[in-house]
Amino acid sequence: MLEKLRLEAQQRWQERTSHNQAVIYIGTASCGRAAGALETLQAIRETLQDLGKEARIIEVGCIGPCYLEPLMDIALPGLARVSYANVTPAKARQILAACLTTGDLLPGKAAGHFGDDSFTRTSGIQPFFDLPMLKPQQRIILQKCGIIDPEDFDSALSTGAYKGLERAFTLGPEGIILEMQQAGLRGRGGAGFPTFRKWQAARTATGKPKYVVCNADEGDPGAFMNRALLEGDPHAVLEGMLIGGYAIGAREGIVYMRAEYPLAVKRMCKAIGQAYNSGLLGCNICNSGFDFDIRVQEGAGAFVCGEETALIASLEGLRGMPRPRPPYPTDRGYKGKPTLINNTESFGTVPAVLREGGEWFRQFGTASNPGTKTFSLVGKTRYTGLIEIPLGMTLRQVVEEIGGGTRFPFKAIQTGGPLGGCLPADRLDTPITYETMRELGSIMGSGGLIVMDESTCNVDMARYFVGFACSESCGNCTPCRVGTRILKDTLEKIVSGEGEPEDLEVMQRAAETMNNASLCGLGQAASNPVISSLKYFRQEYEEHIHQKFCRSAVCTELFEYTILPERCTGCGACVKVCPETAIHGERKQAHTLDTTRCVKCNACVRVCPVHAIVGAPVGTQAGTTRLAEAAI
Amino acid sequence: MTVERLIQSRDEFWAAGFTGDLAELIPLLQYYQETHGYISPEGVEAIAGFLGISEARVYTVASFYAQFRFQKPGKNHVFVCLGTACHVQGGVDLANEIHEHLHIRNGETTPDGQFDFKEVACLGCCAQAAVVEVNGKIYAKMNREKLRKVLKEHQHA
């Protein structure tokens, strides 16, 4: 059906990338831009002009290792694509000058290449996917992110986009759902409900028209998996929606996107336009007799709209408040009609499942948790960014192998975003599956992983998460509205040094009530950060309450800074940054800190090369803390 | 609002492709904010008139969502990210800096109309935390000093 279209696209794409001129790829997704990719892009253009060289510049999405951004790849004619990391404008000039004038690929500066083994031997550059952060990963959903040009339809089509849709048309609706059942894909929004069952329910539901909604309202702070997918490979999501729409017999699809992701919205709209122009959307798609339209609707900034019934309310022009289920949206959803709602990542996975088959998908992950899942790994690990791993991998592998460990000793990992739980070091060997996460009092969630080390205070983190849930609670049901408030107020009391012994009991009770009695997932899970940290880090709470001490030197009322004389080298770096001139000392001699002037701005701690500035209980100015012992 | 003004805004909404379906309420609010800068009382009236619903109903929805502002925005738009990663890297410090430096809080505009400021849940650039967005450009790995410099640049520009 699409052979002719694909063949033409392949020809055009090859003409663009593999002729006798160099091709420069630069990652300009949101995170790359934050790291300065647009300035680098500008420098590349100028350098090309200065050198008098021609080269094609292609902007690509995010490939995952955000700590390497901005990433620039160069493919010289006939050679493999070579990637360079942390490319500042100056570095870009240097690399381009060497590559384009002398053909020197500067192996010492390269991060990796995308070619085959023989290229490794001839160039002396390692394969990009052998980087420690990338090697343990398995890329299915993100396969094309950062590789293809997300705004160029030829690029997507020639790398296999819509092959899954072609196969779906030959299988027919029942066949598609059977294939999904074989694959065992489970909802990637976090709940883990088998996707095929949702599709089955939407298919058998009576009522017309039916709708397909893609939940791209990625509200978790600290998570950006969906953004990266939408910015890097929007056609994968469209294809997934088309397959879903065909399977359930829908006529219209809506992508509910977060307005805070303007680039993702722009690229998605562009992709929709391209699909219409090629006859992949609209009437009689690929002569199959199937009609389907997709439009984008921007969310307006409410976390709770990630919950499916709240999302529907928002689509209908109401306050985004959840309602009790059943009836499920597959029976009565948007405008009261059967509606299939899946997460962006679920839809993004569907094309691969249909293209390669359910059996193929099952070879990844575990028996009850097949396939791969994307996570955003952030916080205190050495390497941060977007990762994709087969389910069943242990947390330890993620933190230590992919993340490269932490600077200070590892303390905890928060899985599942603000509604998840905080897991301590002795739970690191747990495999990541929907069930194990739930057993530990956390959730899989949509995939935010926040790593904390000894410099993060668990009580403060719990306060932060609960504060977030409190401000995002829609106020519809009492346990959530009042419960988040109780938790927030109590935790604020504790971190400001006014905690009382009975506070822990109060929080425990409120948290359990919320868990049992709230209407939607937000309220039920909002207490997870508190329950889990009370379970695993109770000692820290007690220190805050009884000794009025924050061992991580985060809660400003509960510690004071001190300089360890045995560690201080007298370099003077702290003296320079101190805004209150609270630090004194002779050069090369141990310095002292005047706690009466110190405003705990943290500036000295950040610059100290030997970690000599640590927190001590207020008024003691003596003892070392665990942080101090651990630092060296 | 006079009838003429209502007709005028109705024509404007039609021209922008709206049909008057109730489900268009949020897109209408977004459109109005984009073209007028904020949701003014006149805007609420125009939208309510267009959809045939009460103004209270429009406010109910508009006030629920973080995106909508009811104050005239400043010349420069400052967003401080308070997502998890930014929180860990000192995002609250940055919000405090804005408060101390510009004397405005979340959702407010400086009296001279130079800056408006909003705290946001997450800008999705977590690996570059802490981040601040000024006029659509994202500044990575910020601290108080860097933020002061960025604000100064925009104040003079």
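## Exercises on a predicted model

In chain A, take the contacts between residues at least 6 apart in sequence: 71% of them join residues at least 24 apart. The model is predicted.

**Exercise 1.** Work out how compact chain A is for its length.

*Solution.*
- Start with the secondary structure: chain A has 25 helices and 18 strands.
- Next, compare radii. The radius of gyration is 26 Å, and the globule rule gives 26 Å for 632 residues, so chain A is as compact as a globular protein of that length.
- Then take the box along the principal axes. The C-alpha atoms of chain A fill roughly 80 × 70 × 40 Å.
- Finish with burial: 56% of the 632 residues of chain A count as buried.

**Exercise 2.** Place Lys144(A) and decide whether it is buried or exposed.

*Solution.*
- Locate Lys144(A) first. It sits in the loop between helix 5 (117–123) and helix 6 (153–158) of chain A.
- Count neighbours. Lys144(A) has 23 other C-beta atoms within 10 Å, so it is buried; the cut-off is 20 or more.
- List contacts. Leaving out residues up to four places away in sequence, Lys144(A) touches Thr159(A) and Asp233(A).
- Check one distance. Val60(A) is 84 residues from Lys144(A) along the chain, yet their C-alpha atoms are 9.7 Å apart.

**Exercise 3.** Describe the side of chain B that touches chain A.

*Solution.*
- Count both sides: 31 residues of chain B contact 38 residues of chain A.
- Assign elements. On chain B, helix 2 (25–36), helix 4 (55–64) and helix 5 (84–88) each supply at least two residues of this side.
- Sort by class. The chain B side has 22 nonpolar, eight polar and one charged residues.

Methods: Residues are numbered from 1 along each chain as its sequence is written. Chains are lettered from A and ligands numbered from 1 in the order in which they are written. This is a predicted model: local features need pLDDT of at least 70, side-chain atom pairs count only at pLDDT 80 or more; totals for chains, interfaces and linings use all residues. Helices (H or I, at least four residues) and strands (E, at least two) are DSSP runs, numbered from the N terminus. A residue is buried if 20 or more other C-beta atoms lie within 10 Å of its own, exposed if 12 or fewer, and partly exposed in between; C-beta atoms are placed from the backbone. Two residues are in contact if their C-beta atoms, placed from the backbone, lie within 7 Å. Ala, Val, Leu, Ile, Met, Phe, Trp, Tyr, Cys and Pro count as nonpolar, Asp, Glu, Lys and Arg as charged, and the others, Gly among them, as polar. The radius of gyration is taken over C-alpha atoms; the globule rule is 2.2 Å times the number of residues to the power 0.38.
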